[in-house]
Structure formats: C-alpha cells, structure tokens
Amino acid sequence: MNKKLKFKKGDTIALTACSNSISIDKLYIVNRLKEILNELGFKVEIAKTLYSKDDILNKVQKEKALELINFFKDKNVKAIFDISGGDLANGLLEYIDFNIIKHHFTINLTS
C-alpha cells in the first residue's frame, strides 16, 4: 500500500533548525524556500532561533527545544521541516517533552 502525506492550501509549515543554525549569509535560500511554499499555498512560520549564532550554548539548545515543542502544540502547524544540518540536534533531547509530541503529533495519510 502506497501512502502519502496530504496537505491542503492554507496549511502552516514551520521551518526550524534543531541542529546547527542557518548562517545569515544563507538567508536568501530560506527566503526562496518560503516563497516556494507560499506559492504552493502554504503559510510558513520560521523559528526565531533559525539564525542563532551561539549553537553550542545550552541556552540556545533550550530555546530551540522550546520552539520545537511549541510548533508541535500549535494546532495550525501541519508540518515541521528541520532545514539544518550538522551535529547539534542531540543537544536538544534533554529539553524535549516527548509526551507533548506523543499527544500533539498526527500525520494524516491517504491511500
């Protein structure tokens, strides 16, 4: 059985960086991604920590984890795209409440 995620126009997609933050010189790439998603009919919400400079500090990891959890709790957010690369996402694990994800995360599949 082949299943696909189904989104509809007007759905909100959140962009976050759970690992290394996006370099400010890559702002044009994020803006282009946002444009493309908007052209497809989606609303886009960008994490405030997407461009953080101090990735290694626990403060930023806590902030990133809190933003991620808030995206899961937001009923308007239908998808969360982590657009980062790197090796820092594991630093968020101790700050994530997995029960919130368990109770707020749903995937609508169609066949």
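**A tour of S84 and L33**

This is a predicted model; the protein averages a pLDDT of 86, and 85% of the residues score at least 70. Colour the protein by pLDDT to begin. Among its elements, strand β3 (residues 43-46) has the highest mean pLDDT, 97, and strand β5 (residues 109-110) has the lowest, 48.

Next, select S84. This residue sits in the loop that runs between β4 (77-82) and α3 (98-104). S84 counts as buried because its relative accessible area is 18%, and the cut-off for buried is under 20%.

Show the side chain of S84 and look for its polar partners. One is D82: the side chains of S84 and D82 are joined by a polar contact of 2.6 Å. The other stop is C18, whose backbone nitrogen lies 3.4 Å from the side chain of S84.

Now display the surroundings of S84. Setting aside residues up to four places away in sequence, S84 touches T16, A17, C18, S19, N20 and I22. C18 therefore appears both in this contact list and as the residue whose backbone nitrogen the S84 side chain reaches.

Move on to helix α1 (residues 27-39) and select L33, which is placed there. Is L33 buried or exposed? Neither: L33 is partly exposed, because its relative accessibility is 26%, between the limits of 20% and 50%.

Show what L33 meets. Apart from neighbours within four places in sequence, L33 is in contact with L15 and I83.

Finally, add V44 and draw a C-alpha to C-alpha distance from L33. The two residues are eleven apart in sequence, and the distance comes to 9.5 Å.

Definitions and conventions:
Residues are numbered from 1 along each chain as its sequence is written. This is a predicted model: local features need pLDDT of at least 70, side-chain atom pairs count only at pLDDT 80 or more; totals for chains, interfaces and linings use all residues. Side-chain values use heavy atoms; hydrogens and water are left out. Helices (H or I, at least four residues) and strands (E, at least two) are DSSP runs, numbered from the N terminus. Buried means under 20% relative accessible area, exposed over 50%, partly exposed in between (1.4 Å probe, protein chains only). A polar contact is a pair of N or O atoms within 3.5 Å; within protein, one must be able to donate a hydrogen and the other to accept it, and residues adjacent in sequence count only if both atoms are side-chain atoms. Contact means heavy atoms within 4.5 Å. pLDDT is the predictor's confidence in each residue, from 0 to 100.
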